[in-house]
Amino acid sequence: MKLGVIDYIDCAHYLPGHDKCGSLHGHTYKIEVVIEGENKSGMIIDFAELKKSIKEALSFFDHKTLNDFLDYPSVENICEAIKRKLGEYISFPFTLRVWEGQGKWVEM
Ligand SMILES: [Zn+2]
């Protein structure tokens, strides 16, 4: 069974050498986490517990300039970095989809 949570972070970034995205600007990133687990006694995990873990992991990125810890903060690289961090907090297999603004996302 799958269970999903959505959260949001606001970040600044620029893509060095990129025509359009080379200047510092910001996005609201929509973060979709879908975990997979068994329904044991009515729950896979308590939503409140999962949301708290995700919020903690995302606090490393929220209201930060992503270039401070990523050489090239494309949404692909951001997704990988968030996936690694979430992995420290979530003990289920999970899928992560990161939306950069509206209409653009990557998933892993
Ligand atoms: Zn951008």
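Here, a residue counts as buried when its relative accessible area is under 20%, as exposed when that value is over 50%, and as partly exposed in between, with a 1.4 Å probe and protein chains only. By that yardstick W99 is buried, with a relative accessible area of 19%. The structure is a predicted model, in which local features need a pLDDT of at least 70 and side-chain atom pairs count only at pLDDT 80 or more, while totals for chains, interfaces and linings use all residues. Residues are numbered from 1 along each chain as its sequence is written, and side-chain values use heavy atoms, with hydrogens and water left out.

Now for the overall picture. The protein chain has two helices and five strands, where helices (H or I, at least four residues) and strands (E, at least two) are DSSP runs numbered from the N terminus. Going along the sequence, these elements follow the pattern β-β-α-β-α-β-β. Along the principal axes, the C-alpha atoms take up a box of roughly 55 × 25 × 20 Å. The chain has 108 residues, and 40% of them count as buried. It exposes about 6600 Å², with carbon and sulfur atoms supplying 50% of that; accessible areas come from the Shrake-Rupley method with a 1.4 Å probe, and for residues only the protein chains shown count as cover. Taking contact to mean heavy atoms within 4.5 Å, 64% of the contacts with a separation of 6 or more link residues 24 or more positions apart.

Next come the helices. The expected span of a helix is 1.5 Å times one less than its number of residues. For α1, with twelve residues, that gives 16 Å, and the end C-alpha atoms are indeed 16 Å apart. Its buried residues are L50, S53, I54, A57 and L58. They fall within an arc of 130 degrees seen down the axis, so they line one face of the helix; the arc is that of the directions from the helix axis to the C-beta atoms. A48 and K52, on the other side of α1, are exposed. As for neighbours, the buried residues of α1 pack against β1, β2 and α2.

Helix α2 covers residues 75-87, 13 in number, and reaches 18 Å from its first C-alpha to its last, close to the 18 Å expected. Buried in α2 are V75, I78, C79, A81, I82, K85 and L86. These sit on the same side of α2, because they cover an arc of only 165 degrees around the axis. Their cover includes β1 (2-13), β2 (25-36), α1 (47-58), β4 (94-100) and β5 (105-107).

There is also a metal to look at. The zinc ion is coordinated by the NE2 atoms of H13, H25 and H27, at 2.0 Å. Donors are N, O and S atoms within 2.8 Å of the metal (3.2 Å for Na, K and Ca), and since water is not among the atoms, sites may look incomplete. In sequence, the donor residues are spaced H-x11-H-x1-H. H25 is partly exposed, with a relative accessible area of 24%, whereas H27 counts as buried at 19%.

Aromatic rings come together in two pairs. Rings of Phe, Tyr and Trp (its six-membered ring) pair if their centres lie within 6.5 Å; planes under 30 degrees apart count as stacked, over 60 as edge-to-face and the rest as tilted. F61 and F69 make an edge-to-face pair, at 5.7 Å centre to centre and 65 degrees between the planes. F61 is buried at 5% relative accessible area, while F69 is partly exposed at 40%. The other pair is W99 and W105, with ring centres 6.4 Å apart and planes at 50 degrees, so it is tilted. W105 counts as partly exposed, at 41% relative accessibility.

A few loop residues round things off. Most residues other than glycine have a negative phi. S41, however, has a positive phi, near 45 degrees. S41 lies in the loop between β2 and α1 and is exposed, at 80% relative accessibility. H63 also has a positive phi, near 55 degrees. H63 is found in the loop between α1 and β3 (64-65), and it is exposed at 63%. Finally, Q102 lies in the loop between β4 and β5 and is exposed too, at 77%. Q102 and K64 are 38 residues apart in sequence and 20 Å apart in space, C-alpha to C-alpha.
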